[in-house]
Amino acid sequence: MVAGHARGSKRPKLGSWRVDHRKRLSLTTHIALVRGINVGGHRQVGMTDLRNFLTQLGLGDPRTLLQSGNLVFTSNVRTGAELERFLETEAMERLSLEAEFFVRTPEEWKSVIRQNPFRKEAEREPAHLVTLFLKTAADPRAVAALQGDIKGPETVKAKGKQAYIFFPNGQGRSKLTNAMIERHLGRATGRNWNTVLKLGIIAKTGSAKLTPVAPRKRI
């Protein structure tokens, strides 16, 4: 709730929370990841419902990718942690959905891709590389402790509010659980590298389709 609103008054939409200099504010694209929905039959939420949810909040051009809670939208009001808290509160009230949201701008998403410490592995086996999105920057000591607890071949590295884990044998065979990860790094949501790249394209162009590369002509 917004401080100062009378009890019982209608909650304003996010799009109506504007400051006096709103005309000088430009729309910003945001990528939001919802943690733990549509996994193993639990917390089922339709992507159409999520898009409608964003529209009801006054957020623009809502788009989704896959069924795992990957959202792209525009806003000129809130960013970062403030927007995460707002989405979490509204999701609980409007959808009865208790879930964490992890929000990044396209510039931050570029850094996620640029700072990937497993570039060769990503090119060779992108589905075996998972990026974990965190609420706060990872503590190097926590990352080291997690790596020390891993009994298999998985390798974890972190940069800022992201951690990267390479699963040589795939996630299905791994004994590295979400519970183990979050015990060291806190609440997080993971996306494989293919999804990370597709979301970057959607945020930039509005489409997940790659432009075909024309074959080079021989000279």
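In the predicted model, Thr 29 has a relative accessible area of 18% and is therefore classed as buried, the cut-off for that class being under 20%. Thr 29 belongs to strand 1, and, when its neighbours within four places in sequence are left aside, its contacts are with Val 72, Phe 73, Thr 74, Thr 105, Pro 106 and Ala 203. Strand 3 covers residues 70–75, and Thr 29 touches Val 72, Phe 73 and Thr 74.

The setting of Thr 29 is shared by much of the strand in which it lies. Strand 1 spans residues 28–34, and because six of its seven residues are buried, the strand is largely enclosed by the rest of the structure. Strand 1 pairs with strand 3 in the antiparallel sense, over six bridges, and it is also joined by four bridges to strand 4 (residues 101–104), again with the two strands running antiparallel. Ile 31 takes part in both pairings: this residue stands opposite Val 72 in strand 3, while its bridge partner in strand 4 is Arg 104. Val 72 thus appears twice in this description, as the residue opposite Ile 31 and as one of the contacts of Thr 29.

A further set of buried residues is found in helix 6, which comprises residues 178–185 and in which Met 180, Ile 181, Glu 182 and Leu 185 are buried. The buried residues of this helix pack against strand 5 (129–134), helix 5 (140–149), strand 7 (162–166) and strand 8 (188–192). Just after helix 6, Gly 186 adopts a positive phi of about 85 degrees.

Helix 6 also contributes to the largest pocket. The volume of this pocket is about 650 Å³, and its lining is made up of 23 residues, of which Gln 171, Asn 178, Thr 189, Gly 190 and Arg 191 are the closest to the centre. Strand 5, helix 6 and strand 8 are the elements that give two or more residues to the lining, and strand 8 supplies the largest share, with five residues. By residue class, the lining divides into eleven nonpolar, nine polar and three charged residues. Strand 5 and strand 8, which give residues to the lining of the pocket together with helix 6, are also among the elements against which the buried residues of helix 6 pack.

Methods
Residues are numbered from 1 along each chain as its sequence is written. This is a predicted model: local features need pLDDT of at least 70, side-chain atom pairs count only at pLDDT 80 or more; totals for chains, interfaces and linings use all residues. Side-chain values use heavy atoms; hydrogens and water are left out. Buried means under 20% relative accessible area, exposed over 50%, partly exposed in between (1.4 Å probe, protein chains only). Contact means heavy atoms within 4.5 Å. Two strands pair if DSSP finds at least two bridges between them. On a 1 Å grid over the protein atoms alone, a cavity is a set of points where a 1.4 Å probe fits but cannot get out, and a pocket is an open set with protein on both sides within 12 Å along at least five of seven lines; lining residues have an atom within 4 Å of a point. Grid points are joined across faces, edges and corners, and a volume is the space filled by probe spheres set on the points. Ala, Val, Leu, Ile, Met, Phe, Trp, Tyr, Cys and Pro count as nonpolar, Asp, Glu, Lys and Arg as charged, and the others, Gly among them, as polar.
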